[in-house]
Amino acid sequence: MEQERSANILIGSEEYTLLLTTKATKEIAGRYGGLENLGEKLMKSENFEMAIGEIVWLITLLANQSILVYNLKNKENPKDLLTEEMVELLTAPADLAGYKTAITEALYKGTKRNIESETDTKNAQVG
């Protein structure tokens, strides 16, 4: 299930899974007013430094969701959470374009709805 709503990235030489959870959605909503405002905020960031800061915050938030889920299931052997400083030190500005794509993929997968239609019994012909 988590694979269906995640995207993978490399930070330094380690692979991290970006995962959209309800907890992350709540934090994004608190910061941006909702997921629908996120794209607009990232595109209209007043300056380059602010744009980088927002991407680093999102990467850290989404990567930590998969770590938090892992830690919840593996209490005896927890992994350390990422910090924004770690993400900044282990990445280069050139990495950010790929990260934006992975963020978009994780958000899309996490919010898509699988709709299955049932057989329409209301319009079935009678007798």
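These numbered points walk through a predicted model of one protein chain.

1. **Overall make-up.** The protein chain holds five helices and two strands. Read from the N terminus, the order is β-β-α-α-α-α-α. Both kinds of element come up again in the points below.

2. **Burial and surface.** The chain has 127 residues, and 33% of them are buried. Its accessible surface is about 8800 Å². Carbon and sulfur atoms supply 51% of that surface.

3. **Contacts along the chain.** Take the contacts with a separation of 6 or more. Of these, 62% join residues 24 or more positions apart. Several of the pairs described next can be read with this in mind.

4. **The aromatic pair.** How many aromatic pairs are there? The count is one. Its members are Tyr32 and Trp57, set edge-to-face. The ring centres are 5.9 Å apart, and the planes make an angle of 75°. The pair links distant parts of the chain, since Tyr32 sits in helix α1 (residues 22-32) and Trp57 in helix α3 (residues 48-73). In sequence they are 25 residues apart.

5. **Burial of that pair.** Are Tyr32 and Trp57 buried or exposed? Tyr32 has a relative accessible area of 10%, so it counts as buried. Trp57 has 11%, so it is buried too. The cut-off for buried is under 20%.

6. **Arg31 over Trp57.** Arg31 lies over the face of Trp57, 4.2 Å from the ring centre. Trp57 therefore deserves a look from two sides: it pairs with Tyr32, and it has Arg31 over its face. Arg31 itself is partly exposed, at 39% relative accessibility.

7. **Arg31 and Glu54.** Arg31 also forms a salt bridge with Glu54. The closest N and O atoms are 3.1 Å apart. Glu54 belongs to helix α3 and Arg31 to helix α1, so this bridge ties together parts 23 residues apart in sequence. Glu54 is buried, at 8% relative accessibility, while Arg31 is partly exposed. Helices α1 and α3 are thus linked by the aromatic pair and by this salt bridge.

8. **A bridge within helix α1.** The whole structure has three salt bridges. One of them joins the side chains of Lys23 and Glu27, at 3.5 Å from N to O. Both residues lie in helix α1, four residues apart, which is about one turn of the helix. Lys23 is partly exposed at 47%. Glu27 is partly exposed at 33%.

9. **A bridge within helix α5.** Glu105 and Lys109 also meet in a salt bridge, 3.0 Å from N to O. Where do they sit in the chain? They lie in helix α5 (residues 95-111) and are four residues apart, so about one helical turn separates them. Glu105 is partly exposed, with a relative accessible area of 35%. Lys109 is partly exposed at 25%.

10. **Ser6 beside that bridge.** Ser6 is in strand β1 (residues 6-11). At 2% relative accessibility, Ser6 is buried. Which residues does Ser6 touch, apart from those up to four places away in sequence? They are Thr17, Leu18, Leu19, Glu105, Ala106 and Lys109. Both partners of the bridge in helix α5, Glu105 and Lys109, are in that list.

11. **Ile59 in helix α3.** Ile59 lies in helix α3. Its relative accessible area is 0%, so Ile59 is buried. Setting aside neighbours within four places in sequence, Ile59 is in contact with Ile9, Ile11, Leu18, Val87, Tyr99 and Ile103. Leu18 is also touched by Ser6. Thr83 is 24 residues from Ile59 in sequence, with 9.7 Å between the C-alpha atoms.

12. **Lys79 over Tyr70.** A second charge is set over a ring. Lys79 lies over the face of Tyr70, at 4.3 Å from the ring centre.

13. **A nonpolar patch.** Which residues form a nonpolar patch on the surface? Met86, Leu89 and Leu90 do, with about 290 Å² of accessible area together. Leu90 is in helix α4 (residues 84-90). Leu90 has 43% relative accessibility, so it counts as partly exposed.

Technical notes. Residues numbered from 1 in each chain as written. Predicted model: local features only at pLDDT ≥ 70, side-chain atom pairs only at ≥ 80, totals over all residues. Heavy atoms only, no water. Buried < 20%, exposed > 50% of the residue type's maximum accessible area, 1.4 Å probe, protein only. Contact = heavy atoms within 4.5 Å. Areas by Shrake-Rupley, 256 points an atom, 1.4 Å probe, with all protein chains shown as cover. Phe/Tyr/Trp six-rings, centres within 6.5 Å; stacked < 30°, edge-to-face > 60°. Lys NZ or Arg CZ within 6 Å of the ring centre and 35° of its normal. Patch = residues over 30% accessible without salt bridge, like charges linked within 9 Å, V, L, I, M, F, W, Y side chains within 5 Å. Salt bridge = Lys/Arg side-chain N within 4 Å of Asp/Glu carboxyl O.
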